[in-house]
Amino acid sequence: MPSAAAEVGSATVAGYGERTEPMRLVTLGDAYTRGTETAAPRRDSWPAQLVESLERGDVDLWLWNLAESGHSSDQLLEEQLGQVASLQPDVVTLQVGVNDILAKSTDIYRENVTHILDELLTILPRERVFAITTPDHTLTEWGDAYGPRAYGSAAVAMLNHTLTEVAEARGVTVIDI
């Protein structure tokens with residue numbers, strides 16, 4: 001079982017087949033998934049907001065947000081991916097890449113995302129794995145700190161294109177934010 005710090009919450013369940021346990025959602029990724037720079041990441045991250053929204057609809061969901069601020073796809077492979085199977089998830093999301101823009105080539109990112117998705121597909125069917133694109137950080141106030149906006153936007157677009165291509169080749173749904 002994960003540590004209490006990784007467990008964000010649950011909702012009151014009804015109607016997930018004959019299931020009496022909560023659905024298990026595991027989220028992998030970087031600062032966007034972790035909720036870094038939000039007022040209260042355990043409350044304000046998008047996964048925590050998802051749990052809150054679903055509980056209003058009477059869905060029982062346990063969330064283990066394994067994402068870490070600053071993680072690249074390499075670090076996700078090394079530190080997050082190995083924890084997924086032991087959590088016995090019903091659904092897994094993957095949102096990683098903004099830190100790869102700074103340090104990795106598109107080819108390395110493609111290799112890493114391919115490895116991550118292939119591993120996730122040994123744990124769950126493709127209908128239960130979701131790839132989530134990376135927002136364009138260059139449009140924020142601090143976005144130009146990582147180079148010219150035009151370059152950054154092109155890099156984010158290429159990253160998202162790569163993720164989409166790899167995911168769709170495996171039949172994994174892509175959620176484009």
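Let me begin with one pairing detail: Met-23 has Leu-61 in E2 as its bridge partner, and the two strands concerned, E1, which covers residues 23-29, and E2, run in the parallel sense and are joined over 5 bridges. I should say at once that what we are looking at is a predicted model.

Stepping back from that pair, the sheet is an open one of 5 strands, arranged in the order E2-E1-E3-E4-E5, with parallel pairing. Its edges are formed by strand E2, residues 61-65, and strand E5, residues 173-175, each of which pairs on one side only. From one strand to the next, the twist averages 25 degrees.

Now to the helices. Helix H3, residues 46-56, packs on the sheet and touches E1, E2, E3 and E4, and its direction makes about 175 degrees with that of E2. H4, for its part, lies across E1 and E3 and runs at about 175 degrees to E1.

Two loop residues deserve a careful look. Leu-87 sits in the loop between helix H4 (73-84) and strand E3 (91-95), and because its relative accessible area is 4%, under the 20% cut-off, Leu-87 counts as buried. Leu-87 and Trp-64 are 23 residues apart in sequence, while their C-alpha atoms are 8.3 Å apart in space.

The other residue is Thr-134, found in the loop between strand E4 (129-132) and helix H7 (149-169); with a relative accessible area of 3%, Thr-134 is also buried. And which residues is Thr-134 in contact with, leaving aside its neighbours within four places in sequence? They are Tyr-32, Gln-95, Val-96, Gly-97, Val-98, Val-156, Leu-159 and Asn-160.

Note on methods: Residues are numbered from 1 along each chain as its sequence is written. This is a predicted model: local features need pLDDT of at least 70, side-chain atom pairs count only at pLDDT 80 or more; totals for chains, interfaces and linings use all residues. Side-chain values use heavy atoms; hydrogens and water are left out. Helices (H or I, at least four residues) and strands (E, at least two) are DSSP runs, numbered from the N terminus. Buried means under 20% relative accessible area, exposed over 50%, partly exposed in between (1.4 Å probe, protein chains only). Contact means heavy atoms within 4.5 Å. Two strands pair if DSSP finds at least two bridges between them. Axes are lines fitted to C-alpha atoms, for helices over the stretch in contact, and angles run from 0 to 180 degrees between N-to-C directions.
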